[in-house]
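Thank you all for coming; I would like to walk you through one structure this morning, going slowly from one region to the next. Please have the sequence and the model open while I talk.

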Amino acid sequence: MLGAGRARLKARRGPVGVRREGVRGWVTNPLAPALPPPPTARSSAPTAPARPPLSAGSQSRCPPCGRPQKPREEKEKGTMEVPRLDGSSMSSPTSPCEDVIKNLSLEAIQLCDRDGNKSQDSGIAEMEELPVPHNIKISNITCDSFKISWDMDSKSKDRITHYFIDLNKKENKNSNKFKHKDVPTKLVAKAVPLPMTVRGHWFLSPRTEYTVAVQTASKQVDGDYVVSEWSEIIEFCTGDYSKVHLTQLLEKAEVIAGRMLKLSVFYRNQHKEYFDSIRDQHGNAMQLSVKDNSGSHGSPISGKLEGIFFSCNTEFNTGKPPQDSPYGRYRFEIAAEKLFNPNTNLYFGDFYCMYTAYHYVILVIAPVGSPGDEFCKQRLPQLNSEDNKFLTCTEEDGIMVYHHAQDVILEVIYTDPVDLSLGTVAEITGHQLMSSSTANAKKDPSCKTCNISVGR
């Protein structure tokens, strides 16, 4: 009879996990032959020299004392020794995404990667009596955390000691084929009252779709686990950077902003056809458009904020805008005070680079009380227009004076339409540097200067 407390293995389950000498952890090999029964005490003893058969009626004698011994009874025909079932031969039921839960930490939630170190004593058994989680709910989603809860039957609920959570990035058909493959994540947590918070910037990225499934587990006295079946798989998407995360980016950007240089105009470069369409189809007013997905992956303005893109950087030796541009040979220039003044608010939007030494800072100028102002007020850190490291507006002798940071490239988004009559449109004399465009540019996730510990 098998040892008490061992779980019954289902006949429909696949091959058991086998521990092999010289290999850390457990492997499952469907082609491996069945394990032979473990040696008994009789078969494992050293082989004695062969003796001649005893004659009829003779008795064997004990070699040390010479006393007669009773002949050994033969086993009944048709019987066999039942091999001892070792707890280490039990394996986990199949995960909906992976075959085995690996590298399980029993003290707290922890990351377990597919190719990481495997537990040396992670024998896992399957038992139907544990309740299967259902009706899974995900709430309080941020860029690097979420709360999870579920319903389950009360039967055997008090036996649950741990939860196993199978978390995976949802496959994206348009993902970069040359990027390293995303590693599925197995989480182990002690059974705590639900909802339970799952937090970890090392395996959760902002604005990313994930799938999740859950099973309940009961740790046995010998270190093995009895587990339930996996729950259904559900999907969710993580959120954007919060103001806290953007403040961390802001502080990193301030370190490299450099000294301040004077400016007098904001400018916008486009092709001639763009300005022709503004005059002919939009009543001479540049219209708002949704910001593209350039910059940090978790930026709350990407794909959401509507505005008009302007530049304000100047050349060091002339104090004027550069004559080259990646966006077009025609440039609209407007006096700085018409866009940036005491009736506008200034917000920090993002800080990023594109695998180069140049770093970009995105700022938002929004007229007070405008829809853009309300959008930014809820999501972005607000800057003091007169005292910050990137773009300032101060009054000196009754005149508005403007300065910009020298060592970063500023991208300014103005959140209201702008009439062309407020400025001038002229052709630039320099070159169109298409390689410098930041349209939908992806942020370098390995740059230590402009990344924080909550994904890209």
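Let me begin with a question: which side chain meets that of E374 in a salt bridge? The partner is K377, and the distance from N to O is 3.8 Å, where a salt bridge is taken as a side-chain nitrogen of Lys or Arg within 4 Å of a carboxyl oxygen of Asp or Glu.

Before going further, I should say that this is a predicted model, in which local features need pLDDT of at least 70 and side-chain atom pairs count only at pLDDT 80 or more, whereas totals for chains, interfaces and linings use all residues. Residues are numbered from 1 along each chain as its sequence is written, and side-chain values use heavy atoms, with hydrogens and water left out.

Back to the helix. E374 and K377 both lie in helix α5, 3 residues apart, which is about one turn of the helix; helices here are DSSP runs of H or I with at least four residues, strands are DSSP runs of E with at least two, and both are numbered from the N terminus. K377 also forms a salt bridge with D373, the closest N and O atoms being 3.9 Å apart, and because D373 and K377 are 4 residues apart in α5, which covers residues 371-379, about one helical turn separates them. How do these residues differ in burial, buried or exposed? D373 is buried, with a relative accessible area of 0%, while K377 is partly exposed at 38% and E374 is partly exposed at 36%. For these words, buried means under 20% relative accessible area, exposed means over 50%, and partly exposed lies in between, with a 1.4 Å probe and protein chains only.

By the salt bridge rule, the count comes to 12. As general background, side chains of opposite charge can pair when their charged atoms come close.

Another of these pairs takes us to a second region, where the side chains of K170 and E209 meet in a salt bridge at 3.9 Å, N to O. This pair links distant parts of the chain, since K170 is in the loop between β6 and β7 (185-190) and E209 is in strand β9, 39 residues apart. K170 is partly exposed, with a relative accessible area of 34%, and E209 is partly exposed as well, at 42%.

The strands beside that pair deserve a look of their own. Strand β6 covers residues 162-169, and 7 of its 8 residues are buried, so it is largely enclosed by the rest of the structure. β6 pairs with strand β9 (residues 209-219) in the antiparallel sense over 8 bridges, where two strands count as paired if DSSP finds at least two bridges between them. If you want one bridge to find on the screen, K169 has Y210 as its partner in β9. Further along, S218 also has its place in β9 and counts as buried at 5% relative accessibility. S218 and R159 are 59 residues apart in sequence, yet 6.0 Å apart in space, C-alpha to C-alpha.

Now please move towards the later strands. β21 and strand β22 (residues 399-405) pair in the antiparallel sense over 6 bridges, and E396 has I399 as its bridge partner in β22. The two strands form a hairpin with 2 residues between them, and D397 in the turn has a positive phi of about 55°. D397 is exposed, with a relative accessible area of 80%.

There are two further backbone details to point out. Y355, in the loop between β18 (344-353) and β19 (359-367), has a phi near 60°, a positive value in a residue other than glycine, and Y355 counts as exposed at 58% relative accessibility. A cis peptide bond joins L194 and P195, with omega about 0°, and P195 lies in the loop between β7 and β8 (196-199). For context, most residues other than glycine have a negative phi, and most peptide bonds are trans.

I will leave you with one last spot to inspect: E386 lies in the loop between β20 (382-383) and β21 (391-396), and E386 is exposed, with a relative accessible area of 55%. Thank you for listening.
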